[in-house]
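User: Please take a close look at one part of this model and describe it in a connected account.

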Amino acid sequence: MSLLIRGGEIVTPDARYKAEIYVEDQTVARIGTDLSVPPGTEIIDATGKWIFPGFIDPHVHIYLPFMATFAKDTHETASVAALIGGTTTFIEMCCPSRTEDTLAGYNLWKEKAQGRSACDYAFHMTVSRFDQNTEAQLREIVRDGTTSFKIFLSYKNFFGVDDGEMYQTLTLAKELGVIVAAHCENAELVGRLQQALLAEGKTGPEWHEPSRPESVEAEGTARFATFLENTGAVGYVVHLSCVPALKAAVDAKGRGVRLSVESVLPHLLLDKTSAERAGLEGMQYVMSPPLRDKRNQPALWSALASRLIDTVATDHCPFDNEQKLLGRDAFTQIPNGIPGIEERVSLIYTYGVNRGRMDIHRFVDALSTRPAKLFGLFPRKGTIAVGSDADLVIFDPTYRGVISARTQHINNDYSGFEGFAVEGRPAVVTVRGKIQVRDGNFVGERGRGQLLRREPIINWRSN
Ligand code: URP
Ligand code: ZN
Ligand code: ZN
């Protein structure tokens, strides 16, 4: 399988240039001009298009038992949708609950994905309790190439860990050179505020945000940073949503805490007024941390542009309308999550790059290169260079479209981004040299995706 892509403009975090790319045996073999190629090579004309490294979504949920139900996607549906949107690798949260065995959970998630994903994938291993077996099991999981952990400071009694367990997880992570991602909200306060609101008869989705206010997220972020500071571990705050939490993260970075920050599509583009809509419409927009007051968004975008926020993920987590209605009598029962795996690249290109909120290099960095570097995938992924995997997105900036549930490929009956205009989309997407998408259609091989085994982090910020 060989490919020659010519006429396009390659973009990486630090360069932008016109060149041809020759792909052979799954990797980029040559980059140059007037390349001679063997007979039988497929030629792709990329004139007028950007060529980006395949995008990496570092935070998705696909198989997820959560809140008395299961997230809707399968690895088939999510990976096809991801590819159509330009994401060639995702990192899924492997999330056994507190009552399940860590290693059994890891094996179950691997089994769910095995042979079913059309794009490449990896896992963050959730540590939802730390008992006498956990340490040995986590060591085994890291030896298997899953070199990032996840902890939840919220979702008490389900995924959530207490401070002692956080300390144990971070201490082991430091020893193993493993990065720890954290959902940062104060579980005790969330529980108390939820009960107080329900007791006052405040049951609708509009009360979800007041039950998890910005200060509760800021406290979780600051506490996680303090634990990183005192264990020497490397951390990553997922789905940071608001200015007070950003301030806590930036303060920690400023004093040398080894911390990176993720923002997600819903917090950048949606706000709490969506969840304040009556009934089901509001329930569709319930996620945690919640959609916030719009005044937070300029600060998130500017932190993203200046790299105080490192990455943009989706936190893709689809529940359909019927599932959302589980919370019709109490907002605390609404399955938390908003889908987005398919739309991230085009939406951030449109509302980030085209609106002047970030330049095209930072865009590639935040959505591809930086996740690759943070999570041990670089330079195999996250760049266009000789020897790297030929995961390429040939992006047509002249495409115009509108997002709609009617045309999406995920397994859900609504889109959180219904009606959003997009300016640009992937025209061709390759995974290790094989064309998987053409003009918005999946044309490739289901099950082609590989589990990416990763090495522990060696040098913090050497990248
Ligand atoms: O509401 C959300 N974010 N659902 C998915 C689980 C999580 O907290 O990431
Ligand atoms: Zn979370
Ligand atoms: Zn999540």
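User: Which protein donors hold the zinc ion (ligand 2), and how far from it do they lie? Please go on from there to the surroundings of that site.

Analyst: In this predicted model, the protein donors of the zinc ion (ligand 2) are His183, through ND1, and His239, through NE2, lying 2.1 Å from the metal. The site has four donor atoms, and the angles among them run from 56 to 151 degrees. The geometry is classed as irregular, because four donors count as tetrahedral only if all angles lie between 85 and 135 degrees, and as square planar only if opposite donors are over 155 degrees apart and all others between 65 and 115.

A second metal belongs to the picture: 3.8 Å separate the zinc ion (ligand 2) from the zinc ion (ligand 3). The protein donors of the zinc ion (ligand 3) are His59 (NE2), His61 (NE2) and Asp315 (OD), at 2.0 to 2.1 Å. Along the chain these donors follow the spacing H-x1-H-x253-D. The site of the zinc ion (ligand 3) is likewise irregular, with angles of 87 to 138 degrees among its four donor atoms.

The protein donors of both metals recur around ligand 1. The residues around ligand 1 include His59, His61, His183, His239 and Asp315. The others in that shell are Phe152, Tyr155, Met287, Ser288, Cys317, Asn336 and Gly337. By class, the shell divides into four nonpolar, seven polar and one charged residue.

Two of the metal donors also make polar contacts with ligand 1. An N or O atom in the side chain of His183, a donor of the zinc ion (ligand 2), is 3.0 Å from an oxygen atom of ligand 1. For His61, a donor of the zinc ion (ligand 3), the corresponding side-chain distance to an oxygen atom of ligand 1 is 3.1 Å. Ser288 contributes through its backbone instead, with an N or O atom 2.8 Å from an oxygen atom of ligand 1. Taken alone, ligand 1 exposes 260 Å², of which the protein buries 99%. The space that ligand 1 takes up is the largest cavity.

Methods
Residues are numbered from 1 along each chain as its sequence is written. Chains are lettered from A and ligands numbered from 1 in the order in which they are written. This is a predicted model: local features need pLDDT of at least 70, side-chain atom pairs count only at pLDDT 80 or more; totals for chains, interfaces and linings use all residues. Side-chain values use heavy atoms; hydrogens and water are left out. A residue is near a molecule or strand if one of its heavy atoms lies within 4 Å of it. A polar contact is a pair of N or O atoms within 3.5 Å; within protein, one must be able to donate a hydrogen and the other to accept it, and residues adjacent in sequence count only if both atoms are side-chain atoms. Accessible areas come from the Shrake-Rupley method with a 1.4 Å probe; for residues, only the protein chains shown count as cover. On a 1 Å grid over the protein atoms alone, a cavity is a set of points where a 1.4 Å probe fits but cannot get out, and a pocket is an open set with protein on both sides within 12 Å along at least five of seven lines; lining residues have an atom within 4 Å of a point. A molecule sits in a cavity or pocket if more than half of its atoms lie within 2 Å of its grid points. Ala, Val, Leu, Ile, Met, Phe, Trp, Tyr, Cys and Pro count as nonpolar, Asp, Glu, Lys and Arg as charged, and the others, Gly among them, as polar. Donors are N, O and S atoms within 2.8 Å of the metal (3.2 Å for Na, K and Ca); water is not among the atoms, so sites may look incomplete. Four donors count as tetrahedral if all angles lie between 85 and 135 degrees; four count as square planar and six as octahedral if opposite donors are over 155 degrees apart and all others between 65 and 115; anything else is irregular.
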